[in-house]
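Work through the exercises below with the sequence and the structure at hand. Try each task before reading its solution.

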Amino acid sequence: MKQKIYYLLVCLILTYSAQAQLYGGIEIGSKGIKMTVLQVENLRRNTYDVKEFWTENVGIAAGIGIDGLLLKEDIDKAGAVVYNNYKKMLTEYKIEDKNIFIVGSSGVGLANNTADLIAKIKELTNKKIEIISSSLEAKLLLRGCIPPKNYLNSVIIDIGGGNTKGGYAKDINDASVFFPISCDFGTVTLTEIINKKCKQKTVFEFNENLFDYLPTIRESFKKMYTSRPESQDKTNIYISGGAAWAFYTLLNGAKAEENFTQVQYDDILSIRTIAENNYQRFVTNSESNPEIKKVLNTYQQKSLISAFNLLETSLEVIPNIQNKKIFFAKQGQIAWLVSYVFDNAKGVKQIF
């Protein structure tokens, strides 16, 4: 009997070892570079555990808002960070090279010289990176940020550094078809646009110029939704991206415990007002709160102001917003990257 139990245990261990593998994902985003290490227990069933996740705040999109180009020095910095973390995944985590995926976000893809970035990463890692389209990124986000039971009555909105993207699913002939929406305003790109309008570079002047620019932002978001009118009719709105993470953390002073947490639209207005007029409150709270400190280390005041104005405006223009349910998607920072890694690990052909 003992021999049979031992034999079964060995079989279980060998089966788990054969299935469980480590995968690495590196995302070059507009505001920073994100690294994810996944322990995949079953590739076919999409069962996994996020073993590690970390970010290096290397902004690469600052030049896009100025002349549409990634700056050479930013490309070089990004290349160095990608290379160091790629080697870390190979040596420290013992991830096989074929299981490491490097991608550029759609915000970075807005630049006219992404070929320079692709060439730099290829030179350093010998890996060809893919620049994700906003529509594919949003599709992957929906899969990772919305509970399957809510797919058909929800819309996802992700405010990144370079752009805002999202979308919703619709049932057509018993199949869920994804409809993307996008807007070219992101936290980094908007901050650069407003900075160009400022002469004295003060926060007061930044707030004034941003206020004057809000009609343009509203119009862009209106066009985003009216291009897909059904996006405005969804009962649930899931928010993700850096702006949503910063809002939730500063409001609650802690990480979200649940994958999906309902939030109130009025709280977004309150946090935006504090960022504009009482930023020192965040600074004081950060001295004893490491989660708030992470936010302030990621975003300077002007970037926070841009982020919260984008978050507020993206919701404000939706009809009957006060009657909608808004959820913060905790996994938003890694959701689309996780989906991308799974699809590529399975050899799924991406459709743009």
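**Exercise 1: Cysteines**

Task: State how many disulfides a search of the whole structure finds, and decide whether Cys-183 and Cys-198 are buried or exposed.

Solution: The structure is a predicted model. A search of all of it finds zero disulfides. For the two cysteines, the cut-off is needed: a residue is buried under 20% relative accessible area. Cys-183 has a relative accessibility of 6%, so Cys-183 is buried. Cys-198 has 4%, and therefore Cys-198 is buried.

**Exercise 2: Confidence**

Task: Find the average pLDDT of the protein, then name stretches where pLDDT is below 50.

Solution: The average pLDDT is 86, and 89% of the residues score at least 70. Residues 2-18 have pLDDT below 50, and this stretch has two contacts in the model beyond near neighbours in sequence. Residues 348-352 also stay under 50. For residues 348-352 the model has nine contacts beyond four places in sequence. Where pLDDT is low, the predicted coordinates should not be read in detail.

**Exercise 3: Helix α4**

Task: Compare the reach of α4 with the expected value, then work out where its buried residues lie around the axis.

Solution: Start with the length. Helix α4 covers residues 114-125, which is 12 residues. From first C-alpha to last it reaches 17 Å, close to the 16 Å expected at 1.5 Å a residue.

Next, list the buried residues: Thr-114, Leu-117, Lys-120, Ile-121 and Thr-125. Viewed down the axis of α4, these buried residues fall within an arc of 120°, so they line one face of the helix. On the other side of α4, Ala-115 and Glu-123 are exposed.

Then ask what covers the buried residues of α4. The cover includes β1 (21-28), α3 (72-91), β4 (100-104) and β5 (130-131).

Last, look past the end of the helix. Asn-126 follows α4 and has a positive phi, near 60°.

**Exercise 4: Helix α6**

Task: Determine how many residues of α6 are buried, and which ones.

Solution: Helix α6 spans residues 187-197 and has 11 residues, of which eight are buried, so the helix is mostly covered. The buried residues are Thr-187, Val-188, Thr-189, Leu-190, Thr-191, Glu-192, Ile-194 and Asn-195.

**Exercise 5: The whole protein**

Task: Describe the protein by its secondary structure, burial, contacts and exposed area.

Solution: The secondary structure comes to 13 helices and 11 strands. Of the 352 residues, 53% count as buried. Among contacts with a separation of 6 or more, 69% join residues 24 or more positions apart. The protein exposes about 17,000 Å², with carbon and sulfur atoms supplying 50% of it.

Terms used. Residues are numbered from 1 along each chain as its sequence is written. This is a predicted model: local features need pLDDT of at least 70, side-chain atom pairs count only at pLDDT 80 or more; totals for chains, interfaces and linings use all residues. Side-chain values use heavy atoms; hydrogens and water are left out. A disulfide is a pair of cysteine sulfur atoms within 2.5 Å. Buried means under 20% relative accessible area, exposed over 50%, partly exposed in between (1.4 Å probe, protein chains only). pLDDT is the predictor's confidence in each residue, from 0 to 100. Contact means heavy atoms within 4.5 Å. Helices (H or I, at least four residues) and strands (E, at least two) are DSSP runs, numbered from the N terminus. The expected span of a helix is 1.5 Å times one less than its number of residues. The arc is that of the directions from the helix axis to the C-beta atoms. Accessible areas come from the Shrake-Rupley method with a 1.4 Å probe; for residues, only the protein chains shown count as cover.
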